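Before reading on, take a moment to turn the model on your screen and follow each chain with your eye. The paragraphs below begin inside one protein chain and then move to the DNA.

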There are 2 protein chains.
Amino acid sequence: MRPEDLPEIRHLHLFRDMAQANFESLMASSYAQIFPQGLEMIRQGDPADFLHIVLEGSVELFAQWSGRECTMAVLRPVSTFILAACIRDAPYLMSARTLERTRIILVPASDLRAMFRHDTEFAVSVINELAACYRSVVRNAKTLKLRNSRERVASYLLRQSLLAGGVASYILPVEKRLLASYLGMTPENLSRTLRLLEADGIKMDGARVIITDREKLTVLAQPDRLIDGSDEIAGQTGSGLPDR
Amino acid sequence: MRPEDLPEIRHLHLFRDMAQANFESLMASSYAQIFPQGLEMIRQGDPADFLHIVLEGSVELFAQWSGRECTMAVLRPVSTFILAACIRDAPYLMSARTLERTRIILVPASDLRAMFRHDTEFAVSVINELAACYRSVVRNAKTLKLRNSRERVASYLLRQSLLAGGVASYILPVEKRLLASYLGMTPENLSRTLRLLEADGIKMDGARVIITDREKLTVLAQPDRLIDGSDEIAGQTGSGLPDR
DNA sequence: CATTAGAATTGACAATTATCAAGTGTTTGG
DNA sequence: CCAAACACTTGATAATTGTCAATTCTAATG
């Protein structure tokens with residue numbers, strides 16, 4: 001692991017509050033690895049031996065069943081993944097593959113489990129992290145069950161704009177076929193839906209999204225902080241989403 | 001709270017391992033409440049002030065958006081709910097209503113948050129509980145995205161049979177319209193699907209499910225421990241589901 | 001026991017979404 | 001720069017799922 005990695009990892013909520021000595025001990029047993037693009041680094045069902053931290057590149061979490069697969073999330077630096085499997089010492093529920101050349105830190109799950117018994121501040125951080133992850137998946141399930149595909153696309157586009165600071169135009173952060181899978185639809189359906197949304201305030205130009213009529217898009221997307229928001233730190237207002 | 005409630009609560013994984021004095025302290029600030037049938041006891045968006053424990057009756061967790069609603073889970077004794085919202089001191093993401101007359105213990109969220117900083121064993125229990133909840137929602141999201149409604153129904157029916165010990169016949173634990181919403185479909189669609197599944201090894205008689213051809217149903221349902229399983233305690237085999 | 005409200009079913013139909021196939025565009029590696 | 005691979009789009013069609021309306025069934029209540 002490079003020495004310049006440590007501060008970046010240390011800044012993560014998960015590691016921010018633990019004692020320095022404990023952080024160093026955890027990092028001492030961890031190591032970095034670089035994966036080429038398109039490598040399936042985690043296969044669902046395998047035992048969870050390492051907490052993963054993305055430092056560079058990007059990673060797709062996906063699930064498979066009966067010959068089908070779907071994208072569950074895309075992770076970018078700096079973030080951790082598959083914490084829950086590590087904690088429960090259980091098989092991964094999702095697979096992971098790199099979307100580009102990616103540098104990952106691997107933290108042994110057993111050290112992790114030992115550490116939160118030893119360092120209360122770290123335990124509290126793990127609790128907060130897991131609670132946030134849980135709520136994030138619940139939001140996801142809500143969008144899948146309550147919105148149809150057109151509404152999911154519209155709210156996704158609006159949310160991305162807000163995440164980028166309310167800009168009127170931005171580049172999609174992922175390929176469209178991957179976005180389609182993430183949103184629970186086929187690439188063909190996404191393609192047609194994006195076209196149809198040109199009547200509702202957006203315009204596509206390749207991977208560029210241009211919001212031409214935010215009011216109209218908002219009426220369709222009905223953004224909701226209990227779905228599209230994220231758990232902000234107390235005191236921050238966050239996404240600028242309405243209460244309901 | 002009744003004195004006979006305490007052992008039941010104490011047996012929950014969440015409270016099993018904490019110091020007795022701490023458990024008593026937590027319970028001392030908690031109180032019981034009885035709700036009539038059909039009462040909306042939690043409204044999504046409200047601040048999370050109490051961890052809830054169902055002691056008698058049953059509770060539906062549901063989500064609302066834009067005039068629609070869907071069932072997210074049904075809880076029965078003895079179990080806790082909305083732990084994550086309490087921990088993050090954030091608004092509830094789901095609403096809750098009683099499905100029958102229900103007795104609930106309310107544990108103040110602030111006491112809860114103070115307690116896991118104070119009692120390491122409790123912190124570890126919270127970590128394990130949250131990780132299990134997270135994995136449970138991920139399984140849910142997987143079934144929604146990877147299976148069509150027929151497959152969701154089939155795997156639900158098979159799973160319930162296995163949970164009841166592999167019985168060939170059992171009563172549905174919830175009303176069909178609620179089951180439909182839980183499975184992400186309309187009551188009409190569920191009704192028709194159940195009828196169609198009579199060609200695939202099941203037979204319905206009111207709320208009774210009769211599995212007439214387990215092999216055939218299994219071929220359709222393709223049960224998968226990474227979706228239909230639950231995080232068993234190490235050493236136990238659990239649901240009897242295949243690895244893939 | 002009769003009444004009634006709500007659950008469940010069924011049919012007809014509409015909307016949504018997926019599939020298949022063909023083609024266009026874009027990127028990448030030799 | 002060219003060729004190949006792959007993403008994306010579009011059209012035609014099929015499958016799935018939802019909606020609306022009308023019964024039938026079931027369970028709770030007075």
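**Two domains, two DNA strands**

In this predicted model, the centres of domain 1 of chain A and domain 2 of chain A, taken over C-alpha atoms, are separated by 28 Å. Domain 1 of chain A covers residues 5-143, while domain 2 covers residues 147-221.

What do these two domains of chain A share where they come together? Twelve residues of domain 1 of chain A are in contact with seven residues of domain 2 of chain A, and the area buried between the two domains is about 720 Å², with carbon and sulfur atoms giving 48% of it. On the side of domain 1, A:Thr71, A:Arg76 and A:Thr143 lose the most area to domain 2 of chain A, and together they make up 62% of what that side buries. Across this interface the rule finds zero salt bridges, whereas it does find four residue pairs in polar contact, with both residues of each pair at pLDDT 80 or more.

It helps to ask which elements of domain 1 of chain A form the side that touches domain 2 of chain A. Strand S5 (68-75) and helix H6 (120-146) of chain A each supply at least two residues of that side, and S5(A) provides the largest share, namely six residues. Sorted by character, the residues on this side of domain 1 of chain A divide into five nonpolar, three polar and four charged.

We can now turn to the DNA, beginning with strand C. DNA strand C is surrounded by 15 residues, of which the closest are A:Ser149, A:Arg192, B:Lys176, B:Arg177 and B:Arg192. Among the atoms of DNA strand C within 4 Å of the protein, 71% belong to sugar or phosphate, and the rest belong to bases. Individual side chains show both kinds of approach: a polar side-chain atom of A:Asn189 lies 3.0 Å from a phosphate oxygen of DNA strand C, while a polar side-chain atom of A:Arg192 lies 2.9 Å from a base oxygen of that strand, and one of B:Arg192 lies 2.8 Å from a base nitrogen of DNA strand C. The elements that give two or more residues to the surface near DNA strand C are helix H9 (187-196) of chain A, together with helix H8 (176-182) and helix H9 (187-196) of chain B. With four residues, H9(B) gives the most to this surface, and the residues of the surface near DNA strand C divide into one nonpolar, six polar and eight charged.

DNA strand D can be read in the same order. Around DNA strand D there are 15 residues, and the closest are A:Lys176, A:Arg177, A:Arg192, A:Arg195 and B:Ser149. Sugar and phosphate account for 70% of the atoms of DNA strand D that come within 4 Å of the protein. In chain B, an N or O atom in the side chain of B:Ser149 is 2.6 Å from a phosphate oxygen of DNA strand D, and such an atom in the side chain of B:Asn189 is 3.0 Å from a phosphate oxygen of that strand. B:Arg192 has a polar side-chain atom that lies 3.0 Å from a base oxygen of DNA strand D. Here the elements that give two or more residues to the nearby surface are helix H8 (176-182) and H9 of chain A, together with H9 of chain B. H9(A) gives the most to the surface near DNA strand D, with four residues, and the residues of that surface divide into one nonpolar, six polar and eight charged.

Terms used:
Residues are numbered from 1 along each chain as its sequence is written. Chains are lettered from A and ligands numbered from 1 in the order in which they are written. Side-chain values use heavy atoms; hydrogens and water are left out. A residue is near a molecule or strand if one of its heavy atoms lies within 4 Å of it. A polar contact is a pair of N or O atoms within 3.5 Å; within protein, one must be able to donate a hydrogen and the other to accept it, and residues adjacent in sequence count only if both atoms are side-chain atoms. Ala, Val, Leu, Ile, Met, Phe, Trp, Tyr, Cys and Pro count as nonpolar, Asp, Glu, Lys and Arg as charged, and the others, Gly among them, as polar. Domain bounds come from an automatic or database domain assignment. Contact means heavy atoms within 4.5 Å. Buried area is the accessible area (1.4 Å probe) that two parts lose on being put together, summed over both. A salt bridge is a side-chain nitrogen of Lys or Arg within 4 Å of a carboxyl oxygen of Asp or Glu.
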